[in-house]
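Colleague: Please give me a close account of one part of this model, beginning with how its backbone segments are arranged and then following the side chains that belong with them. I should like one connected answer rather than a list.

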Amino acid sequence: MFRLIIVSALAAVALAQNPDAEAQILSSDSVVNPDGSYAWNYETSNGIRAQEEGVGGQSAQGSASWTDRDGTPIQLTYVADVNGFQPQGAHLPREGPAPAHVLKTLEFIRANPPKDDPNFNIQALEAEIARLQALQ
């Protein structure tokens, strides 16, 4: 009997610490087509919404929204494809400016490109330098 009381008390404390534990699924849908394309979405009673569509193993794009524990509304969109997972949202950290020594090193490499590296791509280096300079 004592164990039942302890387990019940612990469950009540856990539930009180996580109000989302009682969330209900309001809607949910999922479609998988013979060509490998798919789509799914759901919404819960605590305000979480998510959806995604794509082609299995090739690409996907989707979005999700929820309210953070501090009350901040979160909106996330993403694409996943040959270029990797690319999330976007105001809540995500932003890349800061590159340290001066990094830009100096890249500019040195641009001025003195390796002559024996067949994989070296000066256009890619110049694009990266321009991208980093734009963050300054």
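**The sheet and its surroundings**

Modeller: Strand β1 (residues 25–32) and strand β2 (residues 37–44) are paired in the antiparallel sense, with seven bridges between them. The model is a predicted one, and the description that follows should be read in that light.

Within this pairing, Ser27 of β1 has Glu43 of β2 standing opposite. The two strands form a hairpin with four residues between them, and Gly36 there adopts a positive phi near 95 degrees. None of β1 is enclosed: of the eight residues of this strand, the number buried is zero, so β1 lies largely in the open.

This hairpin belongs to a wider arrangement. The sheet is open and has six strands in the order β1-β2-β3-β4-β5-β6, with antiparallel pairing. Strands β1 and β6 occupy the edges and have a single partner strand each, so one side of each is left without a neighbour in the sheet. On average, and with direction ignored, neighbouring strands of this sheet are turned by 10 degrees against each other.

Moving across the sheet, a side-chain contact accompanies the order of the strands. Glu43, already met as the residue opposite Ser27, forms a salt bridge with Arg49 at 3.0 Å, N to O. Glu43 has a relative accessibility of 23% and therefore counts as partly exposed. Arg49 also counts as partly exposed, because its relative accessibility is 44%.

Next comes the pairing of strand β3 (residues 49–55) with strand β4 (residues 59–67), which run antiparallel and are joined by seven bridges. Here Glu52 has Gly62, in β4, as its bridge partner. The two strands make a hairpin with three residues between them, and Gly57 in the turn has a positive phi of about 75 degrees.

Strand β4 pairs in turn with strand β5 (residues 73–81), again in the antiparallel sense, over eight bridges. In this pair, Ser65 stands opposite Gln75 of β5. The hairpin of β4 and β5 has five residues between the strands, and Gly71 takes a positive phi near 95 degrees in it.

The final pairing of the sheet is that of β5 with β6, which is antiparallel and rests on five bridges. Ala80 stands opposite Phe85, a residue of β6. As noted above, β6 stands at an edge of the sheet with a single partner strand, so one of its sides has no neighbour there.

The chain after β6 deserves a description as well. Glu95 lies in the loop between β6 (84–88) and α2 (100–111), and its side chain meets that of Arg131 in a salt bridge at 2.6 Å, N to O. Because Arg131 belongs to helix α3 (residues 122–134), this pair ties together parts that are 36 residues apart in sequence. At 48% relative accessibility, Glu95 counts as partly exposed, and Arg131, at 35%, counts as partly exposed too.

Arg131 has a further partner. Its salt bridge with Glu128 has the closest N and O atoms 2.6 Å apart. Glu128 and Arg131 both lie in helix α3, three residues apart, which is about one turn of the helix. The relative accessibility of Glu128 is 30%, so this residue counts as partly exposed. Glu95, Glu128 and Arg131 are thus linked in a network of salt bridges. A search of the whole structure finds three salt bridges.

The helices also contribute to a nonpolar core. The largest such core has six residues, namely Ala98, Leu103, Leu106, Leu125, Ile129 and Leu132. Helices α2 and α3 each supply at least two residues of this core, and its largest share, three residues, comes from α3. One of the core residues, Leu132, touches Ala98, Leu103 and Leu106, and also Glu95, when residues up to four places away in sequence are not counted. Glu95 therefore appears in two settings, as a contact of Leu132 and as a salt-bridge partner of Arg131 across parts that are 36 residues apart in sequence.

Definitions and conventions:
Residues are numbered from 1 along each chain as its sequence is written. This is a predicted model: local features need pLDDT of at least 70, side-chain atom pairs count only at pLDDT 80 or more; totals for chains, interfaces and linings use all residues. Side-chain values use heavy atoms; hydrogens and water are left out. A salt bridge is a side-chain nitrogen of Lys or Arg within 4 Å of a carboxyl oxygen of Asp or Glu. Buried means under 20% relative accessible area, exposed over 50%, partly exposed in between (1.4 Å probe, protein chains only). Two strands pair if DSSP finds at least two bridges between them. A nonpolar core is a set of buried Ala, Val, Leu, Ile, Met, Phe, Trp, Tyr and Cys residues joined through side-chain atoms within 4.5 Å. Contact means heavy atoms within 4.5 Å. Axes are lines fitted to C-alpha atoms, for helices over the stretch in contact, and angles run from 0 to 180 degrees between N-to-C directions.
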